[in-house]
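User: Could you take a close look at the aromatic rings in this model for me? I would like to see how they sit among the parts around them, in one connected account.

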Amino acid sequence: MNKRPLGRTGLQVSEISFGTWAIGGSWGQTDDAESLRALDKAMDEGVNFFDTADVYGDGKSERLLARATKGKEDKIHIATKFCRQGDIHDPQTYSEQRIRRWCEDSLKRLERETIDLYQIHCAPFEILKQGAVFEVLDKLQQDGKIRAYGVSVETVEEGLFCLEKSGVQALQIIFNIFRQKPIAELLPRASERGVGLLVRLPLASGLLTGKFTADATFEAEDHRNFNRDGAAFNVGETFAGLPFAKGVELASQLGWIAEGRGNMTRAALRWLLDFKEITCVIPGFKNVRQVEDNLGVLEAKPFSAEEHERLRKFYEEQVQAHIRGAY
């Protein structure tokens, strides 16, 4: 397992790490025993970093991580997020009192004394610009409650703004073959600032596995059912902001990327790892098979310059115009 530096934190994290939204909820039914087996498999294969949030299954993902990493706290690093338990548009949600309480609650669920990376969970740009939330995070860092802090953002503009905050050591961004906007400005700027980049939704909610058909259906509690048009939160968090049928159509044109790379899943992850500015990709999972499939990227060949150019043109000419939501 290759490791890359997480910004200026001093941490070296596995370039394939995992997000735990799916095992907490909002991706259909879950099996906790299987989730724990999958976490164990990931760690056995060298994964040393997991991303979670206090609202994933109302703390369920954090509790599962506590069970899985018991006794390994010094070797397995955890990033969690806050603010979406409250009204994200209300400045009071970002008061020191509330953030401290949420931080302490996450520490209890994770059964840890310090959170390795504490992230603002997609707060509105207006809140970020007010700046008070960063002052609270500085205090938590000084108190030893968090080792470092970062921001999970929805747009390139938000990311560029956060990079100018001296305390921000990591950004979590939506980045994949269907969402290439960060390449031009955000990636090089983050590298200049020494800020780590975590890539969420690397497979565009599964579109880039190439396994969906236009008539595919999802369980009622799966966000790919209830948020495919942005009814619950930013539409960009589901299928990269693409209308589902269009996403399936576009994915069908990408079968060639799997040649010599095993399958589309591994190819899509490999494409992201070709960017040296990226710290790690954090695909989701619900079972051991998915963990193993994602880890198969470690044996996939990098993309050539010609292949990267082909995918850039594909995005600009066929994908970009169909993306909905701020990005």
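Analyst: Searching the whole of this predicted model for aromatic pairs turns up 16 of them. A good one to zoom in on is the pair of Phe-212 and Phe-244, which is tilted, with 5.9 Å from centre to centre and 50 degrees between the planes. Phe-212 sits in the loop between strand 9 (196-200) and helix 9 (223-226), while Phe-244 belongs to helix 10 (residues 244-251), so this pair ties together parts that lie 32 residues apart in sequence. The two partners differ in their surroundings: Phe-212 is partly exposed, at a relative accessible area of 21%, whereas Phe-244 is buried, at 6%.

Phe-244 has another ring partner, Phe-239: the ring centres are 4.8 Å apart and the planes meet at 45 degrees, so this pair is tilted too. Phe-239 is buried, and its relative accessible area is 0%.

Ring pairs also build a cluster elsewhere, linking Trp-21, Tyr-56, Phe-226 and Phe-233.

Some rings have a charged side chain over the face. Arg-310 lies over Trp-256, at 3.9 Å from the ring centre. Lys-181 takes up such a place over Tyr-327, at 4.9 Å from the ring centre.

Now for the sheet. Its 8 strands form an open sheet in the order 3-4-5-6-7-8-9-10, and the pairing is parallel. At the edges stand strand 3 (18-19) and strand 10 (280-281); each has a single partner strand, so one side of each is left without a neighbour in the sheet. Further in, strand 7 (residues 146-152) pairs with strand 8 (residues 168-174) in the parallel sense, over 4 bridges. An aromatic residue turns up here as well: Tyr-149 stands opposite Val-168 of strand 8.

Helix 6 (residues 132-142) lies across strand 5 (77-82), strand 6 (115-121), strand 7 and strand 8, and runs at about 155 degrees to strand 7. A residue of helix 4 (residues 96-110), Glu-96, leads back to this stretch of the chain. Leaving aside residues up to four places away in sequence, Glu-96 touches Val-136 and Lys-139. The C-alpha atoms of Glu-96 and Ala-132 are 8.9 Å apart, although 36 residues separate them along the chain. With a relative accessibility of 30%, Glu-96 counts as partly exposed.

Finally, a word on the cysteines, since you may want to set up their sulfurs. A search of the whole structure for disulfides gives 0. Cys-122 is in none, and the nearest cysteine sulfur, in Cys-83, is 7.6 Å away; a disulfide would need the sulfur atoms within 2.5 Å. Cys-122 is buried, with a relative accessible area of 8%. For Cys-280, the closest cysteine sulfur is that of Cys-122, and at 16 Å the gap is too far for a bond. Cys-280 is buried as well, at a relative accessible area of 0%.

Methods
Residues numbered from 1 in each chain as written. Predicted model: local features only at pLDDT ≥ 70, side-chain atom pairs only at ≥ 80, totals over all residues. Heavy atoms only, no water. Buried < 20%, exposed > 50% of the residue type's maximum accessible area, 1.4 Å probe, protein only. Pairing = 2+ DSSP bridges. Helix = DSSP H or I, 4+ residues; strand = E, 2+ residues; numbered from the N terminus. Contact = heavy atoms within 4.5 Å. Axes fitted to C-alpha atoms, helices over the stretch in contact; angles between N-to-C directions. Phe/Tyr/Trp six-rings, centres within 6.5 Å; stacked < 30°, edge-to-face > 60°. Lys NZ or Arg CZ within 6 Å of the ring centre and 35° of its normal.
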